[in-house]
Structure formats: C-alpha cells, structure tokens
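Got a minute to go through a structure together? A trainee asks and a mentor answers.

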Amino acid sequence: VTGETIARRAAPARMAYWQALDSGRILLMAAAAMLIIAAFAGMAALHPQHINIRAALSFGGFIAFGELFRLALPGGREAAPIAMVGAMAYAMLLQLPGHNASVIYYSPGTYDALLVVAVAAIGMAVGALPHIAAGRPAGLTGMCTRLVAVSCVAFIFRPIVSAGLLHLRWEVQFAVIAVVFLVGWLVDTLVGALIRADDVGARFSVAIRDEIRLQWPLGLSVGASVIIAIFGAKRIGVMELAVFIGPLLVTQLAFRRYAGIRATYLQTVRSLARVTEVAGYVEAGHSRRVSRLAVAVGRGLGLAEPELLALEYAALMHDIGQLSLRDPIPGGATLLVGLDDRERIAKLGAEVIGEAGVLDDVAELVRYQSRPARGHDPAPPLGSMIIKAANAFDDMVGSSTDRNRAAAALERMRLDPVEYDAGVVAVLAEVAARRVPSRL
Amino acid sequence: MVSRAARLYIGLVVSVAAVLVAILAERVMRQRDFWPSPTHLINPMAALITLQALFLVCDSGTTPMTSRQTRWSPGSSATLAAVVLLGPVPAALVGATALLSLQRHLRLAERLFNGAMYALCGLAAGEAYLACNGPVGRPDFSHFRTILLAFAAAATVHVVANHGLIWGVHRLNRERGIWTRDGLESSLTLLLASDLGYAALGLVVASLWPIMGWFAAVLVLVPLFVARWAMAQFAEQQRAYAATMSALCQAVETKDYYTRGHGDRVSRGAVMIARQIGMSTDRTEAIMFAGMLHDVGKLGVPTQVLQKTGKLTPDEFAAIQLHPMRGLEIVREIGFLFEALNGIFHHHERMDGRGYPMGLAGHEIPEFARVIAVADAFDSMTTTRSYREAKSIDFALSELRKGAGTQFDPVIVEAFIAAMEQEGWELPGPAEAPVDLTNVTVKDHDDPTAPLPVVDP
C-alpha cells in the first residue's frame with residue numbers, strides 16, 4: 001500500500017480523480033477498455049441485419065435498468081445484481097421462441113461474444129448516466145469489473161453453444177450454465193477483492209475470504225435468476241423477461257434494508273461514542289482517531305472484516321467506562337492515571353457494552369484494553385492489544401502531525417515490550433508513518 | 001387476544017371456504033374434469049403435491065418486515081403457479097395447506113383461518129384467471145400476452161383478497177397498525193412490491209414447469225431463501241441496534257442516580273402515544289430512538305450545575321437550557337429521520353411559546369417534540385426525585401391535563417391518557433436510597449410541578 005492510498009481516504013475532496021487511481025484500477029480499466037475496443041472493432045465487420053436487435057435492445061435495457069438500481073452492500077461496496085443477471089443471461093442465452101439457430105447474431109462465428117460485450121458496455125454506460133447527472137459517483141470500477149466478468153463468460157460460453165449445446169438435455173445445459181456462471185462470478189469477486197485490498201490496505205488473501213463470505217448469498221441469488229431467465233427466455237421470449245425483474249427486486253429490497261441498518265448502526269456508535277468528548281472526559285476526536293488507527297493496524301495484521309468491525313466498535317467505545325468516573329481525567333488521557341483506575345474504566349466500559357447482550361466480543365476487547373501484553377495468563381486478545389497501543393499513541397500524540405512527536409511516542413512504546421505487543425507496535429509505526437494532516 | 005367478533009368472523013371465513021371448495025370440487029368432479037387440461041401435464045397429481053410442498057416451504061418462515069402485522073407471505077407464488085398449471089380448485093387446495101404450516105407457534109384458530117383464507121384467495125385468483133380467458137394447464141407461450149394479463153388479474157385478486165381478509169381480523173380485534181391512515185400509506189408500497197414480486201415467482205414456476213418439472217420449484221426457492229436470509233440478517237441487526245442504543249443510553253444515565261431508566265421510559269411513553277395517534281411504523285421507530293436519546297445532551301452540562309443546591313444563576317440556567325442543542329450535536333450524524341432530530345432539539349418547547357431553545361409556539365413545534373414533551377414530564381413526575389417522592393399516575397395525568405394548551409399539546413395529552421387506559425403503565429420499582437451521593441442531582445429540569453429556581457437578574 002502506498003502513502004497515496006491513505007491520503008486519498010483521509011482527504012478525498014482534495015484530490016483529482018486521476019490522482020486517486022492506483023495500479024490495480026488502471027490495469028482493470030485498461031482491460032475493460034481493450035475489451036470494448038475489440039468489441040466495437042469486431043462489430044464493424046458485422047452485418048447489421050444479422051443482429052438480433054430485439055434481444056440486444058431487451059438485454060441492453062435490462063442491464064441499464066440494473067445499473068440504475070445498484071445496491072450498496074456493507075463495507076462501502078456496491079453491487080448491481082440486476083445488471084449482472086441481465087448481462088450473464090444475455091451472454092449465455094440459449095434459445096428464443098421461434099429461433100432455432102444462434103439467438104444473438106444469426107450468422108455463425110465468434111461475433112456472438114463480441115456483440116455481448118458491446119451491448120453490456122452500452123447498457124452499463126446508459127445506466128450510469130443518471131448517476132452522473134445526479135452528481136453521484138459513476139461507479140466506473142464496479143462497471144469495469146462486471147464487464148470483465150461478463151466477457152469471460154461470453155468468450156467461454158458462446159463457443160460451447162456453437163459446439164452443439166442446444167441439442168443436449170436440459171440437465172446438461174443447466175450444469176454447463178451453472179459452471180460457467182461460477183467462473184464468471186469468481187472473476188468478478190476476485191477482481192473486486194484485488195481492488196479492495198489495494199484500496200483499504202488489506203492483505204489479498206484476507207480480502208478474498210471477506211469478499212467471498214460477503215458476496216456468496218447474493219451470487220447464489222443472481223445465479224439462480226440467470227438460469228431462470230435463460231430457460232424462461234426459451235419459453236416466453238425476451239421482452240417478456242421483464243416479469244422476472246419482480247423477484248429480483250424483492251431480493252434487492254431485502255439486501256438494501258440490511259445494508260442500511262448496518263450503516264445506521266455504525267453511525268450511531270460513532271456518534272454516541274462522542275458523548276465522552278462532549279462531557280469533557282476525553283479530548284475532541286480521540287475516539288475516532290483511536291478507532292481509525294486501530295482498524296488500520298488490525299488490517300495490517302490480517303484481521304478479517306467481522307473482527308475489524310468488532311475492533312472498530314470497541315475502539316470507538318473504549319472510553320465509555322469513564323462516564324462512571326466522578327471527575328473527568330485531566331485531558332482525558334487514560335495513560336496518565338494509575339493502572340487500577342485504567343482497569344476499572346475498562347471493566348466498567350465492558351459492563352456497559354455487555355449490557356446490550358449482542359456485542360459480547362466487543363465488550364471483551366474493551367475489558368482487556370489496559371492489560372499488559374506480556375506476563376498475564378491468558379494473554380489479552382489481539383484486538384485489546386491493538387486498542388491499548390492505539391490509545392497510548394493518541395494520548396501522547398493527539399491530532400498533532402509532528403513526526404518527532406510520533407517517533408518519540410513509538411520509541412517509548414517499543415522500549416516497553418511488556419506493556420505493548422512488539423508486533424502491534426511495529427505495524428502501528430508503519431501506519432503512523434503514512435499519517436497525513438487531516439481535519440478531524 | 002382474539003375478541004368474540006373476531007372469533008365469529010374466523011368461523012364465518014372458515015365455513016365459507018369449506019362450503020365453496022366443496023361445492024366447486026363436487027361440480028368439477030361431476031363434470032369429470034377435475035384437472036381442466038390434464039392432457040398437457042404428464043402428472044397433475046404430482047404437480048399438485050409439489051406445489052403444496054412449495055407452499056409449505058415458502059410459508060415456513062414468513063419474515064416480519066417492520067411490524068407484527070406486515071409480513072412477507074411468499075406462499076402466494078405456489079398458489080398462483082397452481083392457478084396457471086392446474087386451475088382454481090387445486091389452487092385452493094394448495095392454499096389450504098396453510099393448515100399444516102410448519103410454524104409451530106400458530107394456534108388452531110390461526111391455522112384454520114390461514115388455511116381458509118389462502119384457500120379462498122386461491123379460489124378467487126383462479127376464477128379471476130379463468131374469467132380473463134387465462135388458459136389453464138401446460139402454458140402455451142405463443143399467447144404469453146394473454147397469460148400475462150390474466151395472471152396479473154389473478155395476482156391482484158390474490159393480493160386484495162389476502163389483505164382484505166386479514167384486515168377484517170385486525171379490525172375486529174381492534175388492533176391498530178398498518179391499516180390506520182398514516183400507517184397504510186407508508187407501508188403499502190412495500191407490501192405491494194413484495195407481494196407482486198412473489199406473485200411473479202408463481203408465473204416463473206409455471207413457465208419453467210414444461211421444461212424442468214418440479215425442479216422449477218426448487219430453482220425459484222433459491223432467490224426466495226436468499227431474500228429471507230437477508231431479511232433475517234436485517235432483523236438481527238435491528239435487534240442488535242436497539243439493544244446497543246439502549247445500553248449506551250443507560251451508560252449516559254449513570255451520571256445521575258435518579259434519572260436512570262428515564263430515557264427508556266420516555267421512549268416507551270412516546271411509542272404508546274405514537275401508536276395511539278396512528279403514526280406509521282417508520283416514524284414510530286424513529287420516535288422510539290428520539291425518546292431514548294432526548295436527554296443525551298445533559299452530559300454536556302457541567303455536573304456542578306446539575307447538582308447545585310439552591311437557586312441557579314441565569315448563566316447556569318442557560319447552561320441547562322443548552323442541553324437539547326448538545327444532544328443534537330451528538331446525534332446529528334446518525335442517519336436518522338430528520339424528525340427524530342427535531343424531537344430531540346425541541347422537546348422543551350411549550351405550546352404558549354415560553355419554552356426553550358427556540359421559543360416556538362403551538363403547531364410550530366414539531367410533532368415529535370410535542371409527543372416527547374408529554375412522555376418526558378409524565379416520567380419525571382411519576383419517579384422519585386431527591387427532593388420529593390414519586391407522584392401517583394392519576395396525579396401526573398391531572399397535571400398533564402392542567403398543562404394542556406399552555407405547556408403541552410392537548411391532543412397528545414388526551415392520546416397519552418387514552419393509551420394509558422388501554423395499555424396501562426408499569427412504574428419503576430421504588431428507588432432505593434442512593435449509595436453514592438456524588439451522583440445525585442437535587443433538581444429536575446423535566447419536572448413541571450417544580451420549576452427550576454432561578455435567581456432574578
């Protein structure tokens with residue numbers, strides 16, 4: 001991860017779009033651009049009267065509609081399940097009523113796949129226009145990822161159709177479609193994981209696991225819908241496929257509500273963690289800075305997303321136990337009070353959080369946040385050690401960006417391997433080195 | 001729970017369904033045409049059993065959407081598939097499987113009613129389908145437009161019959177919910193979207209049946225289960241969210257011994273009022289959180305001021321008056337309804353315009369704030385304070401009535417009293433003497449019977 005990535009996250013408004021591009025994104029966009037150029041160059045050789053215009057328009061419209069109604073997923077991800085269904089079903093279209101031969105391009109050849117790529121690209125572009133008009137991000141990365149995945153599917157599947165898939169039993173067709181879809185889905189997910197790992201600074205292996213765990217239910221739903229659409233088109237024709245959008249919308253509605261409540265949850269904890277600041281117990285911005293540091297360190301240490309979420313919650317609320325103190329600690333720096341008091345604050349905080357009954361893992365992290373890394377059995381959880389280090393760092397450095405001050409704080413922590421875990425401090429040093437001035 | 005009128009109504013629905021199904025079944029049997037187009041389906045009996053199984057699976061876990069009343073009932077997709085493939089009577093038989101529902105908590109009366117209701121819905125949808133010239137049996141898709149139109153009519157009839165029959169029960173049971181004016185508007189689109197979405201699944205099953213037979217039902221179950229999984233996740237997150245919120249609010253209240261549980265109780269009172277005046281479920285949820293968080297800004301008021309004995313200086317009084325603003329500062333970034341923020345910010349306004357922080361009067365004060373103000377004052381009066389014992393509920397209600405028009409909105413006060421008569425109110429246990437005297441305030445800014453003493457400037 002480069003310093004530039006972190007800078008982009010810290011101050012997104014101050015950077016032009018091209019400055020925010022990293023190598024992974026550039027590679028992806030180059031691949032998508034090559035596909036589009038190849039598709040349109042190939043199109044020049046086509047006879048327009050051989051194109052199944054009806055199918056192209058229907059599926060192009062399907063894809064555009066799907067891009068218009070994208071879906072926000074937890075963790076700031078964006079998916080377009082309906083567009084995905086439209087594009088995949090078009091790429092793997094078998095038969096339409098009244099057509100016995102190829103259904104995408106009437107003459108034999110490899111033009112089918114190129115046409116699929118061209119139609120998908122145009123559909124996506126049209127669907128993205130309203131987003132741009134409304135001032136929302138166009139979601140270029142997501143569209144490029146989907147285009148690459150759909151192209152893979154088209155280039156694998158169309159030759160299989162030409163080889164005579166149509167004459168086989170529906171069970172065989174079903175199996176082939178399922179396998180090729182799985183390949184396409186994996187391409188989509190892996191590219192997504194690659195971009196995300198680059199974005200947030202996670203390890204690729206961890207990012208893949210996170211991505212698969214999060215995406216598989218939606219992928220299953222998209223896959224079933226693709227199969228339904230392909231076999232449905234065989235019976236009822238392409239225009240009538242609009243009927244199948246209904247069930248997809250139901251699924252999408254459910255996911256949207258889920259992602260929505262997750263976002264509200266996080267916002268609420270972020271906001272309410274600030275009560276300690278408003279009450280004068282801690283310095284303004286402390287809990288947010290600690291949580292940001294802790295999450296960055298957790299990523300560096302290869303924590304998976306659910307663990308990171310628990311870590312973020314715990315870091316945000318690590319000082320909540322101070323509310324039970326009679327007088328605020330001067331400046332809120334827990335580093336300056338005695339060990340007993342720190343243990344007490346941690347315990348009270350854990351009790352408050354444990355009260356909810358649903359955040360036991362978070363409460364556990366808060367409970368052991370002041371325990372020394374060595375000399376205790378059992379050792380504190382990794383998350384607690386991360387919070388301890390991040391909290392100490394912020395108590396000593398605060399919002400200051402003075403490199404000497406940060407170096408001194410890190411040195412002090414390094415010299416105390418009993419209190420602070422050496423591995424955590426090493427990653428903290430890396431994270432701190434990437435820090436740039438940011439308004440908090 | 002079930003009123004006598006509702007019992008009668010359920011009995012009526014069950015007998016009508018039984019008689020109708022019997023008459024129609026007898027008629028088609030006599031015509032030796034139980035399966036209107038048996039030739040097209042290889043094995044209509046197997047299709048019927050598959051669809052019944054599909055219905056049971058769909059029905060095994062209807063997911064609550066937002067409230068007790070609004071539930072997704074994906075079983076309609078199986079019934080509607082039967083309408084296309086098999087005709088009205090088999091559709092009624094598919095619907096009647098609700099009797100055997102796998103949801104264990106259902107009582108016999110509920111099972112009977114559900115079975116009868118879905119049977120009637122299936123019958124009505126099937127007749128509507130036939131009336132629109134919908135061809136029954138293995139669908140011939142060269143006339144897809146006809147099928148689609150007839151199917152749309154059948155689906156609409158199913159949705160209307162379903163909600164109409166349920167509405168009857170709720171009405172007779174005097175339950176208020178989605179069918180109150182405001183509530184209906186807000187959840188109708190959601191209901192229609194989900195119901196028509198599921199209805200479309202019925203057509204999907206029917207379309208794929210000629211190709212893959214029973215496997216079509218399995219294929220359709222996948223998106224259905226994924227949607228249900230997402231809804232379950234949503235419900236779980238929502239519960240976790242409410243629990244976390246409540247725990248954090250309690251943490252905030254630890255500062256003051258006597259007001260512990262205040263946020264929770266105000267939230268409960270506000271929700272009672274919201275239901276009584278027919279607020280939509282979304283708004284009711286928002287006011288629940290607003291009630292919980294309304295005093296969170298008190299943390300920004302210096303403890304010495306809260307704990308001061310004797311009269312307050314104007315500056316100190318101003319510090320107390322700032323607490324709604326502090327509260328707003330804390331919760332502003334939560335992706336809340338705008339209204340909840342308004343409720344927190346304005347909960348100390350008075351109808352006569354002499355409240356704070358803005359001095360709004362009458363209906364300038366947002367509805368949420370007017371609701372919270374009543375619940376807030378009521379809880380303050382009915383709980384013990386360091387300077388007095390808890391007042392009785394009757395006393396508190398009469399104080400609210402006294403303040404109606406000057407301090408409180410009379411409509412809200414009456415709604416609160418009516419809700420109180422219906423649901424009752426559980427008073428918190430008598431407060432024990434505080435162990436630690438450092439956490440005790442000697443005055444309560446919420447108490448309308450004891451205004452804060454302020455030194456005259």
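What follows is a short chat about helix packing, nonpolar cores and backbone geometry in this predicted model.

Trainee: Let's start in chain A. Are α12(A) and α14(A) roughly parallel, roughly perpendicular or oblique to each other?

Mentor: Helix α12 of chain A covers residues 305–316 and helix α14 of chain A covers 360–367; their axes are 9 Å apart. The packing angle is about 55°. Roughly parallel needs an angle under 35 degrees and roughly perpendicular needs 65 to 115. So α12(A) and α14(A) come out as oblique.

Trainee: Which residues of α14(A) does α12(A) meet there?

Mentor: On the α12(A) side you have A310(A), L311(A), Y313(A) and A314(A). By class, the contact has seven nonpolar, no polar and one charged residues. The partners in α14(A) are D361(A), V362(A), L365(A) and V366(A).

Trainee: Over to chain B, then. How are α8(B) and α10(B) oriented to each other?

Mentor: Helix α8 of chain B spans residues 215–253, helix α10 of chain B spans 281–293, and their axes come within 9 Å. They cross at roughly 20°, and the crossing is left-handed. Angles under 35 degrees count as roughly parallel, so α8(B) and α10(B) are roughly parallel.

Trainee: How do the residues of the contact of α8(B) with α10(B) divide by class?

Mentor: From α8(B), the contact includes Y241(B), A242(B) and M245(B). From α10(B), E285(B), M288(B) and F289(B) are among the residues taking part. The split is eight nonpolar, two polar and one charged.

Trainee: Which helix gives the largest share of the largest nonpolar core?

Mentor: That core has 134 residues, and those with the most contacts inside it include Y90(A), F157(A) and L51(B). L51(B) touches, among others, A78(B), L85(B), V205(B) and W209(B). Another core, of 121 residues, lies apart from it and has A363(A) and F289(B) among its members. As for the largest core, twelve of its residues come from helix α7 (residues 181–212) of chain B.

Trainee: Now the backbone. Is N133(B) buried or exposed?

Mentor: N133(B) sits in the loop between α5 and α6 of chain B. Its phi is positive, about 65°, although N133(B) is not a glycine. Most residues other than glycine have a negative phi. The relative accessibility of N133(B) is 60%, and the cut-off is over 50%, so N133(B) counts as exposed.

Trainee: What is omega for the cis peptide bond that joins Y356(B) and P357(B)?

Mentor: P357(B) lies in the loop between α14 (338–345) and α15 (367–382) of chain B. Most peptide bonds are trans. The bond that joins Y356(B) and P357(B) is cis, with omega at about 5°.

Notes:
Residues are numbered from 1 along each chain as its sequence is written. Chains are lettered from A and ligands numbered from 1 in the order in which they are written. This is a predicted model: local features need pLDDT of at least 70, side-chain atom pairs count only at pLDDT 80 or more; totals for chains, interfaces and linings use all residues. Side-chain values use heavy atoms; hydrogens and water are left out. Axes are lines fitted to C-alpha atoms, for helices over the stretch in contact, and angles run from 0 to 180 degrees between N-to-C directions. Helices (H or I, at least four residues) and strands (E, at least two) are DSSP runs, numbered from the N terminus. Angles under 35 degrees count as roughly parallel, over 145 as roughly antiparallel, 65 to 115 as roughly perpendicular and the rest as oblique. Contact means heavy atoms within 4.5 Å. Ala, Val, Leu, Ile, Met, Phe, Trp, Tyr, Cys and Pro count as nonpolar, Asp, Glu, Lys and Arg as charged, and the others, Gly among them, as polar. Buried means under 20% relative accessible area, exposed over 50%, partly exposed in between (1.4 Å probe, protein chains only). A nonpolar core is a set of buried Ala, Val, Leu, Ile, Met, Phe, Trp, Tyr and Cys residues joined through side-chain atoms within 4.5 Å. A crossing is left-handed if the near helix is turned anticlockwise from the far one by less than a right angle, and right-handed if clockwise. Lists of a residue's contacts leave out its neighbours within four places in sequence.
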